Amino acid sequence: MKPILALLSLLALPVMAAEPTLYGRYENISVPEIGKTFKAKMDTGALTASLSAKDVELFKRDGDDWVRFRLATEGAGSKVYEHKVARISKIKGRADGEEEDEDIDPVKRPVIDLELCLGDKKRTVEVNLVDRSHFNYPLLIGAKALREFDAAVNPARRYTADKPDC
């Protein structure tokens with residue numbers, strides 16, 4: 001009898017993890033600390049999230065790295081935000097027309113931890129600050145943030161989550 005039980009245990013299916021929440025390629029995401037809701041692009045090809053910012057200035061406060069910035073979004077006004085820096089990311093790029101092996105100097109971007117609200121889920125994620133004003137969406141949600149929200153993206157759908165309500 002014991003060999004049969006051993007065989008059955010080998011055939012048992014693994015326990016399935018909870019299914020991720022399915023979102024569309026674009027969603028509305030609230031940033032409570034800033035007091036705004038943004039149209040965001042859910043981008044599985046990007047690693048980190050990005051928020052459109054301008055006049056980005058690093059400074060020290062009590063020995064810690066901080067950043068001062070303004071939003072580079074439509075109707076943002078001139079309000080200045082200050083936030084502690086979580087880290088500095090280095091974004092690699094290539095010079096146009098250069099050989100594939102020749103990387104240009106990496107661009108350094110401040111990364112802050114921001115609380116984001118998607119539907120009824122609130123998560124703290126790393127967000128880098130970069131001027132995205134030439135893009136259609138001021139907030140980009142990358143793969144790391146998508147994992148935090150336990151999200152899957154259906155690129156054929158848009159705005160599947162309810163309005164942010166965290």
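Colleague: In which strand is Asp-55 found?
Modeller: In this predicted model, Asp-55 is a residue with a positive phi of about 50° although it is not a glycine. As for its place in the chain, the strand that holds Asp-55 spans residues 49–61, and that strand is S4.

Colleague: Which strand does S4 join through seven bridges, and in which sense do the two run, parallel or antiparallel?
Modeller: The partner covers residues 64–71, and within this pairing Phe-59 has Trp-66 as its bridge partner. The two strands form a hairpin with two residues between them, and Asp-62 in the turn has a positive phi of about 50°. The strand joined to S4 by the seven bridges is S5, and the sense is antiparallel.

Colleague: What are the bridge partners of Leu-51 in S9 and in S10?
Modeller: S4 is joined by four bridges to S9 (residues 121–130), with the two strands running parallel, whereas its pairing with S10 (residues 139–141) is antiparallel and extends over two bridges. Leu-51 takes part in both pairings, for in S9 it stands opposite Leu-129, and in S10 its bridge partner is Leu-139.

Colleague: Which strand gives the most to the largest nonpolar core?
Modeller: That core has 29 residues, and those touching the most other members include Leu-51, Phe-69 and Leu-71. Several elements each supply at least two residues of this core, among them S4, S5, S9, S10 and helix H2 (143–148). With four residues, the strand that gives the most is S8.

Colleague: Leaving aside neighbours within four places in sequence, which residues is Leu-71 in contact with?
Modeller: Leu-71 is among the core residues that touch the most other members, as is Leu-51, and Leu-51 also appears in the contact list of Leu-71. With neighbours within four places in sequence left aside, the residues in contact with Leu-71 are Ile-34, Lys-36, Phe-38, Leu-51, Ser-52, Ala-53, Lys-54, Ala-76 and Tyr-81.

Colleague: Why does Tyr-159 count as partly exposed?
Modeller: Tyr-159 lies in the segment after strand S11 (151–154), and it has a positive phi of about 50° although it is not a glycine. Buried would require a relative accessible area under 20% and exposed one over 50%, with partly exposed in between. Tyr-159 therefore counts as partly exposed because its relative accessibility is 28%.

Notes. Residues numbered from 1 in each chain as written. Predicted model: local features only at pLDDT ≥ 70, side-chain atom pairs only at ≥ 80, totals over all residues. Heavy atoms only, no water. Buried < 20%, exposed > 50% of the residue type's maximum accessible area, 1.4 Å probe, protein only. Pairing = 2+ DSSP bridges. Core = buried A, V, L, I, M, F, W, Y, C linked by side-chain atoms within 4.5 Å. Contact = heavy atoms within 4.5 Å.
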